[in-house]
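Student: I would like to take a close look at a single part of this protein, and I would be glad of a careful, connected account.

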Amino acid sequence: MATDLKRENFSATIDGKPVDLFTLRNGRGMVVRITNYGAKIEQILVPDRYGALGDVVQGYDGIEGVMGGQASMGSFIGRYCGRIPDGRFTLDGVAHQAAVNSPPNTLHGGQRGSRFRVFDARQLDESNLELTYVFQDGEEGFSGTLPLRLVYTVGDDNTLTIAWAAVAADRTTIANFTDHTFFNLSGDPGSSILDHVATIHAGRYLALGETAVPTGEMVDVTGTPHDFRTPAALGARIEADDPMLALGKGYDLHYVIDKPASGGAPALHARFVHPASGRTLEVLSTEPGLQLYTGNALEGKTPRDVGKGGTLYTKHSAFCAEPSKFPNAVNIPSFPSTVLRPGQWYAGSIVYRFGVA
């Protein structure tokens with residue numbers, strides 16, 4: 001049975017702003033619960049092949065657990081997802097130093113990126129939630145004011161769409177967004193995800209240096225444990241002798257999508273299947289890349305990794321599929337640009353489409 005999250009357990013005032021838990025539904029029984037602290041997805045209820053609803057994401061019972069738990073879990077990540085080496089980058093010949101929070105790198109927006117911020121929230125209707133936040137000029141060492149608007153939408157086709165729009169309001173800045181939901185399609189969020197079967201539509205991945213930052217090299221997946229062009233269980237090759245797997249202690253790698261989106265419509269990046277329950281997840285996005293992460297830093301530590309209903313989140317008990325522009329693109333000119341000039345917009349979307357096999 002899925003834990004019944006209580007709205008009152010998420011009610012708080014943080015940084016002088018109200019925090020709450022919002023529930024979105026469609027007409028087929030799908031339920032998504034989101035807190036405006038970090039724009040974090042705390043629960044997604046979808047049916048298995050027999051119609052039984054199950055909770056397919058990791059999260060926490062209340063705001064105390066969220067604040068003391070895995071910082072990225074369920075979050076919308078900004079102003080800049082992924083790692084920036086030494087937190088350094090140059091814009092128009094001017095050197096910038098972002099806050100280093102994962103030495104020696106800046107990770108997921110710095111010490112207090114959007115994971116730790118309270119968004120202004122407005123529930124538009126039963127199926128739509130609007131969240132807004134303004135990144136201030138100089139916040140976490142990034143230049144420029146960057147207003148961000150998110151809309152979370154639950155569709156009657158059992159989709160959750162996260163759509164964003166942000167604009168460089170005054171100065172040149174950089175932006176790269178993603179969603180960091182931790183999935184376990186079994187409905188038992190403490191169980192291993194190594195039996196989940198993955199398909200990723202990518203023939204190349206981004207090589208990583210010693211501190212897990214992309215070097216700029218793109219590597220062919222052929223003959224490596226990173227080739228998911230043909231469906232394979234996440235656990236089938238995770239123990240293989242491979243430098244990228246050793247570095248990440250599992251999969252933590254960014255894939256270059258073969259046929260990225262064009263014309264604004266999201267493209268299919270990946271598909272995941274839990275054979276026993278029959279639940280499926282398709283990940284679509286407007287972005288050119290996809291980070292696959294297999295919950296390698298979940299350690300079953302108390303209280304940090306104690307989740308909903310007292311479930312202990314241990315290594316490889318969840319996977320993340322995080323579409324974005326390429327990490328460290330600000331320092332690699334050959335990558336798609338993440339620079340925004342004043343008045344320039346950055347709009348995109350991620351779609352999670354649930355089904356059964």
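In what order do the nine strands of the open sheet lie, and is the pairing parallel or antiparallel?

Tutor: The model is a predicted one, and in it the nine strands of the open sheet follow the order β12-β13-β14-β15-β28-β24-β23-β18-β21, with antiparallel pairing. The edge strands are β12 (120–125) and β21 (232–233), each of which pairs on one side only. At the β21 edge, the partner is β18 (residues 197–200), and these two strands pair in the antiparallel sense over two bridges; within this pairing, Val-197 has Ala-233 of β21 as its bridge partner.

Val-197 also leads from the sheet to the nonpolar interior, since Phe-272 is in contact with Val-197 and Ala-198, and, among others beyond its neighbours within four places in sequence, with Leu-185, Leu-281, Val-283, Leu-292, Phe-319 and Ala-321. Phe-272 is in turn one of the residues with the most contacts inside the largest nonpolar core, which has 64 residues, and Ile-44, Leu-150, Tyr-152, Phe-177, Tyr-255 and Phe-354 are listed with Phe-272 in that group. The largest share of this core, five residues, is supplied by strand β14 (residues 146–154), which stands between β13 and β15 in the order of the sheet. A second core, separate from this one, has 17 residues, including Phe-10, Phe-182, Tyr-293 and Cys-320.

How values were computed: Residues are numbered from 1 along each chain as its sequence is written. This is a predicted model: local features need pLDDT of at least 70, side-chain atom pairs count only at pLDDT 80 or more; totals for chains, interfaces and linings use all residues. Side-chain values use heavy atoms; hydrogens and water are left out. A nonpolar core is a set of buried Ala, Val, Leu, Ile, Met, Phe, Trp, Tyr and Cys residues joined through side-chain atoms within 4.5 Å. Buried means under 20% relative accessible area, exposed over 50%, partly exposed in between (1.4 Å probe, protein chains only). Helices (H or I, at least four residues) and strands (E, at least two) are DSSP runs, numbered from the N terminus. Contact means heavy atoms within 4.5 Å. Two strands pair if DSSP finds at least two bridges between them.
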